[in-house]
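Grab a coffee and work through these short exercises with the model open beside you. Try each task before you read the solution under it.

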Amino acid sequence: MPAAPCTHLILFGATGDLARRMLIPSLYALDVDGLLPSTLKIVATARSGHDTEAYRAVAFDALAQAIDGERRPEAKITRFLERITYVPLDANQHKSFTALADAVAATDHIAIFLSTAPSLFGPTIAGLAHAGLAGPGVRLALEKPLGHDLASSRAINDAVAVAYPEDRTFRIDHYLGKETVQNLIALRFGNALFEPLWNARGIEHVQITISETVGLEGRVDYYDGVGALRDMVQNHMLQLLALVAMEPPASFDPTSVRDEKVKVLRSLRPIGAAEAGHCTVRGQYGAGAIHGQPVPGYAEELGRASDNETFVAIKAHVDNWRWQGVPFYLRTGKRLTDRRSEILVQFRAVPHSIFGHAPLAPNRLLIALQPDENVRMTMMAKQPGLDREGMRLREVPLDIGLANAFADVRRRIAYERLLLDLLDGKQTLFVRRDEVEAQWTWIDRIREGWAAHAQAPKSYGAGSWGPSAAIALTERDGVSWHD
Ligand code: BG6
């Protein structure tokens with residue numbers, strides 16, 4: 001039975017970057033489309049000593065930045081802002097939480113979104129519980145980073161579990177809110193075509209790329225010492241891998257989907273000290289150019305030398321029957337050539353060619369997640385013509401350009417989906433504790449492997465596709481990255 005929709009949303013970190021860029025605009029978009037419960041009140045809170053009027057001005061500016069003018073008629077903006085009240089809060093003061101509880105004036109049908117520094121999770125949860133805001137009608141959503149290794153992630157999860165059981169805890173991986181990532185599930189399980197081939201007999205390898213052109217973006221405090229492995233692979237990339245590799249779930253309910261994902265995550269072949277050298281590549285960008293504009297190197301941006309990686313490439317394996325012997329090549333990095341998130345599934349070659357010497361390229365399925373949304377299957381077709389030497393074949397694309405197929409549908413911010421599901425109490429697109437822990441277990445081994453060999457990041461020029469060692473990682477297997 002679906003849980004009752006919420007009447008209150010408490011937003012911690014309401015003056016922060018995520019709230020202004022994503023959460024407030026997403027809530028507004030849901031409101032405009034009539035998707036928020038009509039009685040929903042948004043209680044925004046942060047350290048700043050604003051009052052409600054001042055915070056509404058902050059929210060107004062955030063909407064002006066994020067939403068096109070024609071989607072911001074005054075009446076709708078006013079109606080949305082009237083939902084918001086602001087309560088200043090010091091997470092280390094219990095009396096702050098009492099004031100918050102008084103402002104909420106309810107103990108049920110409440111969703112709480114923690115978009116704060118992880119160091120505040122513990123005191124915030126204790127304060128919420130103290131103020132009676134952790135009862136059976138209260139859900140808690142948490143943003144990353146949820147720890148920096150398995151032990152610290154367990155400590156956070158334990159602190160959460162004291163007040164909020166797993167069925168009321170909503171761990172966010174914003175990639176799961178992306179329309180195209182959900183489309184991966186639709187593609188695999190809404191079509192009969194793929195499943196018979198979706199295994200080691202049909203698939204030769206898989207590539208997952210999340211490349212970015214941005215650099216540090218003023219996130220020095222967070223990013224240096226975290227690095228690409230923990231910032232991107234531990235969460236987003238492993239979630240994508242799990243969705244590609246999981247067995248068909250019995251249904252789209254939270255338990256079925258997350259049970260299948262966690263099995264994949266637990267089947268990841270450990271990469272430790274013996275394997276890290278040949279299965280992983282760490283990189284750090286030096287100076288270069290992005291789209292023709294010169295940009296400084298990482299150390300220069302940082303103002304000092306660092307051994308933090310801004311790029312990582314990994315050859316991973318899922319050790320189960322379905323995927324035995326199929327490499328999953330993962331790579332992600334900052335200051336690369338292009339901004340692009342995609343999954344490439346390379347099928348096996350035909351077992352025997354009847355076309356003599358005409359080369360046959362194996363079929364490929366390219367699932368482009370962003371910035372373009374596209375699903376492309378490459379197939380061999382006869383090249384038109386009357387050749388005496390025999391039939392010529394050429395690789396041709398079959399495109400499902402999602403932008404065209406669904407041109408009339410507005411693309412949603414990932415947080416619209418996630419906030420709506422949080423308010424509705426639907427957990428399928430949120431990450432369960434056992435998934436997070438399986439992810440950290442695999443990541444920690446890699447970091448131990450790096451530490452054992454003092455594996456320093458290799459330099460790459462900003463605007464390139466990463467260090468040359470990343471190319472060698474796949475070329476050794478006769479595979480080229482899809483650039
Ligand atoms: C975040 C990382 O989780 O994801 C950032 O902390 C990264 O470093 C971002 O830039 C990428 O998200 P998206 O949605 O822009 O691909």
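Helix axes here are lines fitted to C-alpha atoms over the stretch in contact, and angles run from 0 to 180 degrees between N-to-C directions. Keep in mind that this is a predicted model.

**Exercise 1. Work out how helix α1 is oriented relative to helix α2, and list who makes the contact.**

Step 1: Find the two helices. α1 covers residues 17–32 and α2 covers residues 52–66.

Step 2: Get the geometry. The two helices pack at an angle of about 90°, and their axes are 9 Å apart.

Step 3: Turn the angle into a word. Angles of 65 to 115 degrees count as roughly perpendicular, so α1 is roughly perpendicular to α2.

Step 4: Look at the side of each helix that takes part. From α1 you have R20, R21, I24, P25 and Y28, and they meet Y55, V58, A59, A62, L63 and A66 of α2.

Step 5: Sort those residues by character. The contact has 9 nonpolar residues, 2 charged ones and no polar ones.

**Exercise 2. Do the same for helices α7 and α9.**

Step 1: α7 spans residues 179–189, while α9 spans residues 227–245.

Step 2: Their axes sit 10 Å apart, at an angle of about 10°.

Step 3: The cut-off for roughly parallel is under 35 degrees, and therefore α7 and α9 are roughly parallel to each other.

Step 4: V181, L184, I185 and R188 are the α7 residues in the contact, and L240, L243, V244 and A245 are those of α9.

Step 5: Sorted by character, the α7 and α9 contact has 7 nonpolar residues, 1 charged and no polar.

**Exercise 3. Describe the surroundings of T332.**

Step 1: Place T332 in the fold. You'll find T332 in strand β12, residues 327–333.

Step 2: Is T332 buried or exposed? Its relative accessibility is 1%, and the cut-off for buried is under 20%, so T332 counts as buried.

Step 3: Collect the neighbours. Leaving out residues up to four places away in sequence, T332 touches I210, A228, M232, V233, M237, T310, F311 and V312.

Step 4: Check the polar side-chain atom. A polar atom of the T332 side chain lies 2.7 Å from the backbone oxygen of I210.

**Exercise 4. Track down the backbone oddities at P145, P371, E217 and R335.**

Step 1: Recall the usual case. Most residues other than glycine have a negative phi, and most peptide bonds are trans.

Step 2: Go to the prolines. K144 and P145 are joined by a cis peptide bond with omega about 0°, and P145 is in the loop between β5 (138–142) and α6 (150–163). Another cis peptide bond, also with omega about 0°, joins Q370 and P371. P371 is in the loop between β14 (364–370) and β15 (374–382).

Step 3: Go to the phi values. E217 isn't a glycine, yet its phi is positive, about 55°. R335 isn't one either, and its phi is positive at about 55°.

Step 4: Place both residues. E217 is in the loop between β7 (203–211) and α8 (220–223), and R335 is in the loop between β12 and β13 (340–347).

Step 5: Check accessibility. E217 has a relative accessible area of 49%, so E217 is partly exposed. R335 has 14%, so R335 is buried.

**Exercise 5. How many disulfides does a search of the whole structure find?**

Step 1: Run the search; the count is 0.

Step 2: Look at two cysteines anyway. C6 is buried at 1% relative accessible area, and C279 also counts as buried, at 13%.

Methods
Residues are numbered from 1 along each chain as its sequence is written. This is a predicted model: local features need pLDDT of at least 70, side-chain atom pairs count only at pLDDT 80 or more; totals for chains, interfaces and linings use all residues. Side-chain values use heavy atoms; hydrogens and water are left out. A disulfide is a pair of cysteine sulfur atoms within 2.5 Å. Buried means under 20% relative accessible area, exposed over 50%, partly exposed in between (1.4 Å probe, protein chains only). Helices (H or I, at least four residues) and strands (E, at least two) are DSSP runs, numbered from the N terminus. Angles under 35 degrees count as roughly parallel, over 145 as roughly antiparallel, 65 to 115 as roughly perpendicular and the rest as oblique. Contact means heavy atoms within 4.5 Å. Ala, Val, Leu, Ile, Met, Phe, Trp, Tyr, Cys and Pro count as nonpolar, Asp, Glu, Lys and Arg as charged, and the others, Gly among them, as polar. A polar contact is a pair of N or O atoms within 3.5 Å; within protein, one must be able to donate a hydrogen and the other to accept it, and residues adjacent in sequence count only if both atoms are side-chain atoms.
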